[in-house]
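Please look through the structure shown here with an eye to two topics, namely how helices pack against one another and where enclosed spaces lie inside the protein.

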Amino acid sequence: MTERSLRVLEFGKIRDQLAQYCVSDMGRELCDALTPAGNMDDVRRSQQETEEARTVLTYLGGTPMVSFSDVRAPLHLAEIGSALSPRALLEIAACLRASRAARDALVGERENTPMLTANASRLSTFKPIEQAITDAILSEDEIADRASTELFTIRRKMRACNERVRERLNGMIHNSAFQKYLQEAIITMRADRYVLPVKQEYRSMVPGIVHDQSSTGATIFVEPMAVVEIGNELKQLISAEKAEIERILRALSAQVAPEAGAIADNLAILAQLDFAFAKAALAREMHACPPKMNGEGRINIIRGRHPLIDPQKVVPLDIRLGETFTTLIITGPNTGGKTVTLKTTGLFTLMAQAGLQVPAEYGTELAVFDDVFADIGDEQSIEQSLSTFSGHMKNIVSILENVTPDSLVLFDELGAGTDPTEGAALAQAILATLLTMHTRTVATTHYSELKEYALTTENVENASVEFDVATLRPTYRLSIGIPGKSNAFEISRKLGLPEFVINSAKELLSREQVRFEDVIAGAEYHRQVAEKERQLAEEARAEMVAIRNQAEAERKKLEDQRDRAIKKAKDEAKRIVENARRESEAMIAELRAMKKAGGAQEHEIQRVKKQMEQAQEALADRKEVGGEIPESVKPGDMVHVASMELDATVVSGPDAKGYVQLKAGMMKMRAQMSDLRTLTSTQQLIKKEQKKLERKRSMREQRVDVMTRVVRRELDVRGMALDEAIPEVQKFIDDAVISSLGEVSIIHGNGMGILRAGIADCLKRHPSVSSFRLGRYGEGETGVTIVTLR
């Protein structure tokens, strides 16, 4: 690609944006060196790398890359035997950590990122070296005490010396007799030695070594003789510490040296991965998509947005080229978006061939060209004595010398800057030359001759950018197939040019020119009307789809409600039968007791039991209702609602429209008579047994005098949970009171004491209980509670 085209199409700004997403200088270097590829395999490989990186970004929520530095120079020094600085070693450790993090994040069972996985698999990890460096070096200026045993010992001795020196000096400065010799009662340092600030006139009173004096000479800094020996020892320890640190750094550098080549390879891989994730991050920021690439010169940009225009202001545009025509001539007023269309086409092509995704909709297709030539902008140059026309023509000459059938050529205002007649003729000849070569070409112009050329020449198509004359503002929408108007007269009229001037200008146009412009204006008017009608149709379709979706949601909601109602009704029926079973068992027990007392026969007990078993089996085997549509219904009738698969009770008869008010449990509803079914014998049996049970329950209550003879004096709740036992206890107490029993026993066992405590709490609050106590010896002791009733 020519450097001039990259500059004119502002590809450098895209590289600058890309570099902002890198975490390393080496990644930024790759961004700065990025150029479009001209080979289809290279382009597809680069696009695949970007898409895989974007997949990982989506999966992880962020980049797996850790910041690292370019340590190629320190690695070379380590290879030749040099001792590296703490900073260089820390940067190498950071590089090793970044390699390990990238490998851990990218090498796994993920099958949709084969390229990134393969690259990350080549990363070598050196955990021991990384650990040794980070353990020994705390920062650029600090080596850890534990970096070696010798260093630990030296620093321990240094701390001891420091404490001894400070102890002696503190004794001096706190001596009231000695303080008069000092300028200030402080301890300070000069040349790594501890000194005191002594007044000049008392120099002889403080024996020691003078290391410095103030600028006025009034203060001298003396190391007292009492600490000179300790200071010398401290000086030796400082030298020993420095030597030991150098030894440690040399040892760490020696560990790095054999692996320098592998670490350098890691750097190159990390830089490439950093570059790949920067491409993915830029694509995510731009809301870009991977373009479909081809080698046949086809361009089909769907709602493309120029990446350098504010996303809040940019107007998406559709561009196509290379399918049914190879040359596109764009006309329209100034500031209407013609140049933006050119730049978007060229920049998208450069980005795609550089492996970058483009800010457009999915389905966008771009071609791989061997070069992109762009003649855009003012080529005027005072230094080279070039006019605007000469500058453009010089560039066009260079394009025609280098262009091939596999190139993309972009012309802005082709033939402008000279005599309109000659300029239009030159422009037409240049376009014809490129058309003969089958070169993909996009040109903008104001010349009517080029519009006419596009209308009459095969493989050449007109396009126009819209302009709202009422507001004097462009809409920036591109319409392919219709030439555009410059709208000079309309714009001038809106801006206040006198009407007679405009009329005079119109008279200067030839009849053919007026007719041609009128045809264009008419076609543009009808196109805009058709576009508005299309938009209205799209809105109507969208509204219809929304209504359909809403109706579908309502239908689904009703089905869910129906299913829940059916389930609830079935659960209610099961509960009724289960209650009936329990009631029957209670009745059987009562009847047996009555039998013992001479009040019931065995055949009565068996009859009740058989009826309840039939009711339970009827519910378990219940299937789809097969009843008939009732001829009439009245309030209180039980019916089956076929559409909702549930039984309901009639609340009111059918109204004028044939709707019947129904109630199923707590739910009220309406249904057509045709949706109702009579209950089968199975349901009738269940309902009948329910009523019988109700009658028998009432009868049992009325026969209390018979039942009192079989009320037990003790209740065993062992093995029950507390919430099960409490209702049984309450019922037992009530039955005992009705039977006029004075004292009863509740057997709850010992266990964890939960039942005992819960029952005691219940008895405290029961109005029929006079008192209660735990059992005594022979009564069950703490496993039994004896209750005295009122």
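In this predicted model, helix α2, which covers residues 11-19, packs against helix α3, which covers residues 25-32, at an angle of about 165 degrees and with the two axes 9 Å apart. Because an angle over 145 degrees counts as roughly antiparallel, α2 and α3 are described as roughly antiparallel to each other. A second helix pair, α6 with α12, packs at an angle of about 55 degrees, and two cavities of 30 Å³ or more are also found in the structure.

**Helices α2 and α3**

- The crossing that α2 makes with α3 is right-handed.
- On the α2 side the residues that meet the partner helix are Arg15, Leu18 and Ala19, while on the α3 side they are Arg28, Cys31 and Asp32.
- Sorted by class, the residues of this contact between α2 and α3 comprise three nonpolar and three charged ones, with no polar residue.

**Helices α6 and α12**

- Helix α6 spans residues 86-106 and helix α12 spans residues 260-286, and their axes lie 10 Å apart where the two pack at about 55 degrees.
- With that angle, α6 and α12 are therefore oblique to each other, and their crossing is left-handed.
- From α6, the contact draws on Ile92, Cys95, Leu96, Ala98, Ser99, Ala102 and Leu106, and from α12 on Ile263, Asn266, Leu267, Leu270, Leu273 and Phe277.
- The classes in this contact of α6 with α12 are 11 nonpolar and two polar residues, with no charged ones.

**Cavities**

- Of the two cavities of 30 Å³ or more that the structure holds, the largest has a volume of about 50 Å³.
- The lining of this largest cavity is made up of Asp375, Phe389, His392, Met393, Ile396, Asp412, Glu413, Leu414, Gly415 and Ala416.
- Helix α14, which runs over residues 388-402, supplies the largest share of that lining, namely four residues.
- When the lining residues of the largest cavity are sorted by class, five are nonpolar, two are polar and three are charged.

Technical notes:
Residues numbered from 1 in each chain as written. Predicted model: local features only at pLDDT ≥ 70, side-chain atom pairs only at ≥ 80, totals over all residues. Heavy atoms only, no water. 1 Å grid on protein atoms, 1.4 Å probe; cavity = no way out; pocket = protein on both sides within 12 Å on 5 of 7 lines; lining within 4 Å. Points joined across faces, edges and corners; volume = space filled by probe spheres on them. Nonpolar A, V, L, I, M, F, W, Y, C, P; charged D, E, K, R; others polar. Axes fitted to C-alpha atoms, helices over the stretch in contact; angles between N-to-C directions. Parallel < 35°, antiparallel > 145°, perpendicular 65-115°, else oblique. Left-handed = near helix turned anticlockwise from the far one by under 90°. Contact = heavy atoms within 4.5 Å.
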